[in-house]
Number of protein chains: 2
Amino acid sequence: MALFNTKVDPKANKLTLAIDIGGTKMAVGLVDADGNASHVDRTPSPANQRGDAMWDALNRLLDKVLDDAGNPEITGVGVGCAGPMIWPEGVVSPTNIVGWREFPLRRKLKERFPGIPVRLHNDAICMAIAENWKGAAAGHQNALGMVVSTGVGGGLIVGGRLVDGGFGNAGHIGHIVIDPEGPACRCGGRGCLEAISRGPATVAWAVEEGWKPHNSSDPLDAKTLAADAHEGDEIAIAAYRRAGWAVGVGLASCAALLDLDVAVIGGGLVQAGDILMAPMKQAFDEHAGMTFVKRMKIVPAELDQLAGVIGAAALFAEDDRYWSAGD
Amino acid sequence: MALFNTKVDPKANKLTLAIDIGGTKMAVGLVDADGNASHVDRTPSPANQRGDAMWDALNRLLDKVLDDAGNPEITGVGVGCAGPMIWPEGVVSPTNIVGWREFPLRRKLKERFPGIPVRLHNDAICMAIAENWKGAAAGHQNALGMVVSTGVGGGLIVGGRLVDGGFGNAGHIGHIVIDPEGPACRCGGRGCLEAISRGPATVAWAVEEGWKPHNSSDPLDAKTLAADAHEGDEIAIAAYRRAGWAVGVGLASCAALLDLDVAVIGGGLVQAGDILMAPMKQAFDEHAGMTFVKRMKIVPAELDQLAGVIGAAALFAEDDRYWSAGD
């Protein structure tokens, strides 16, 4: 794969080592200044192991990708990592990675790659900037990127620039309140979007209503639930309707607060298609009153599995838009 | 009153003619580059009259203020006006001003003051930037300014800059959804913060619950309701609790979405004091789960009646932060 342009462009020969770390898997790849990814490889995250297992697995994957690519010169290391984190220090405590509590990921990577700048942001932020740079929100100045998966996260672009917030936590759409009397949220609040719409909450609601997988050997997860919904299971359909409804209400609130052009929705639950998206759009339409709110488009994500590494690279390739902290 | 500094500062001798237009009254004043207001005068808005009454009343007030000040040289005309509006064109259709429907206020003022730039924004935006420039949010990079009054509005500063949104409508915190099954909102949506917490809605709720003013000659308004609440009227207290509760839930959502440092609350209902503010803070505490959400301070506005004109002047005096459109 050709990674370099032939014409002389000061950014053209810059290559970012891009890392995407989640509770299920981690991905590493090389991304050029135009957003082309190559040598992307993945490995499962040993997220339930304490000690050095995560760091060791990451280093093995880094070695493998760099070896496969012939150890090219890299000009930056970009990282999207599950949160929460202390930002921009990059001290991470991902909810779903038990071995990393206040783990100094950014500093460890600086030691691993001396002399090379390391930049790190929330994984949902990386998804949002990837979609704004090269995906479904390209060309828009005011956009939300969000993920509906094991958690519900997001990132915001306003006036063409990423919103970091005071401590790098802006974009947490999963914790806007949808139903003030709703279920307790693992954040400590109540009725948050995430407490209603995240995959495990959606599955738990269905189980409580009496849903059992049609194929009894299938796992009790969002994918099985979606398959059963597509076969007409009414509880499964109602569970996705509930999840989609809450996302739609949240989108109406975001559009009112920020006068956005577009919302890009990605993540595992979106794979369910219209059983999630149709009630989402219906709830949005019901709650979007003013013309400027109604105008916000809701579209599926385009970059899928590559969003994480492309967004991590965007922290360098488009740093005037997406990186406000120092190196 | 001394309007000018004696030392040579390129901005020091700049004087903005600042205009604040609402459905109840309009205010005009002169504001220097340091945010000092002088010659501020007010007149009731003939908001229920059709035709030219509003424009004529504004012009009489402008003439009076300029005459009183000795017709000084002004370098800009800044305007905060009730919305909605088409922005930055400044074509206004304020909900509570029946004579102005798609009224080209910015163009009319440019004709009235040839050669002088005219800048116009939503009145709640002007309140927010005034509090960020010279009030309770001064020195903060990430702030919400909001007004709880006949309507519920707001403005957002993130990363030190005003958020305009795609069409100048960012900051509409009054239309985030608090209770998806709640009352219909005049915006066309349902369960919006404004539909629950605005003064007339709070009064209407109390009346429906059986509240009658203790002094039967007092008007059925938020001020009378507050007075009765302070005398221990349980329905009046419950009405303010309901209004404050909804604002607190909305603040938790904003803090989660934007990682804000401070929220400044102004407007008529805030005059009620703790009967509004205590349930507001209680609801915020209940719904603010994560550390970065909890950290947001909630403080009362400082600039009161002057916020509108000071914010209108900030569109010039601090245009690198607060004005992104052309002249």
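Guide: Let us start with a yardstick: a residue is buried when its relative accessible area is under 20%, exposed when that area is over 50%, and partly exposed in between, using a 1.4 Å probe and the protein chains only. The model here is predicted, so local features need pLDDT of at least 70 and side-chain atom pairs count only at pLDDT 80 or more, while totals for chains, interfaces and linings use all residues. Residues are numbered from 1 along each chain as its sequence is written, chains are lettered from A and ligands numbered from 1 in the order in which they are written, and side-chain values use heavy atoms, with hydrogens and water left out.

Visitor: What makes Asp259(A) a buried residue?

Guide: Its relative accessible area is 0%, and the cut-off is under 20%, so Asp259(A) is buried. Asp259(A) sits in the loop between H7 and strand S12 (262–266) of chain A. Helices (H or I, at least four residues) and strands (E, at least two) are DSSP runs, numbered from the N terminus.

Visitor: What is unusual about the phi of Asp259(A)?

Guide: Phi of Asp259(A) is near 55°, a positive value in a residue other than glycine. Most residues other than glycine have a negative phi, and most peptide bonds are trans. Glu102(B) also has a positive phi, about 50°, and is not a glycine.

Visitor: Is Glu102(B) buried or exposed, and how do you know?

Guide: Glu102(B) has a relative accessible area of 56%, and the limit is over 50%, so this residue is exposed. Its place is the loop between S6 and strand S7 (103–104) of chain B.

Visitor: Which peptide bond leading to Pro84(B) is called cis, and what is its omega?

Guide: The bond from Gly83(B) to Pro84(B) is cis, with omega near 0°. Pro84(B) belongs to the loop between strand S4 (76–81) and strand S5 (85–86) of chain B. The bond from Trp87(B) to Pro88(B) is cis as well, with omega near 5°.

Visitor: Why is S12(A) described as largely enclosed?

Guide: Five of the five residues of S12(A) are buried, so the rest of the structure largely encloses this strand. In a regular strand the side chains alternate between the two faces of the sheet. Both faces of S12(A) are covered, with Val262(A), Val264(A) and Gly266(A) buried on one side and Ala263(A) and Ile265(A) buried on the other.

Visitor: What makes strand S9 (residues 143–148) of chain A a partner of S12(A)?

Guide: Two strands pair if DSSP finds at least two bridges between them. Strand S9(A) and S12(A) have five bridges and run parallel, and Val147(A) stands opposite Gly266(A). S12(A) is also joined to strand S13 (residues 297–300) of chain A by four bridges, again parallel. There, Val264(A) faces Val299(A).

Visitor: Why are S5 and S7 of chain A said to stand at the edges?

Guide: In chain A, three strands form an open antiparallel sheet in the order S5-S6-S7. Strand S5 (85–86) and strand S7 (103–104) each have a single partner strand, so one side of each is left without a neighbour in the sheet.

Visitor: How do you know that the two chains are related as by a two-fold rotation axis?

Guide: A turn of 180° and a shift of 0.0 Å along the axis lay chain A on chain B with an RMSD of 0.0 Å. The two copies are therefore related as by a two-fold rotation axis. The superposition is by least squares on the C-alpha atoms of residues with pLDDT of at least 70 in both copies. Contact means heavy atoms within 4.5 Å, and 100% of the contact residues of chain A recur in chain B, so the same surface serves both copies.

Visitor: What makes a space a cavity, and what makes it a pocket?

Guide: On a 1 Å grid over the protein atoms alone, a cavity is a set of points where a 1.4 Å probe fits but cannot get out, while a pocket is an open set with protein on both sides within 12 Å along at least five of seven lines; lining residues have an atom within 4 Å of a point. Points are joined across faces, edges and corners, and a volume is the space filled by probe spheres set on them. This rule gives one cavity of 30 Å³ or more, and the largest cavity holds about 60 Å³.

Visitor: Which helices supply at least two residues each of the lining of the largest cavity?

Guide: Those are helix H7 (234–258) of chain A and helix H7 (234–258) of chain B. The lining includes Ile176(A), Leu257(A), Ile176(B) and Leu257(B).
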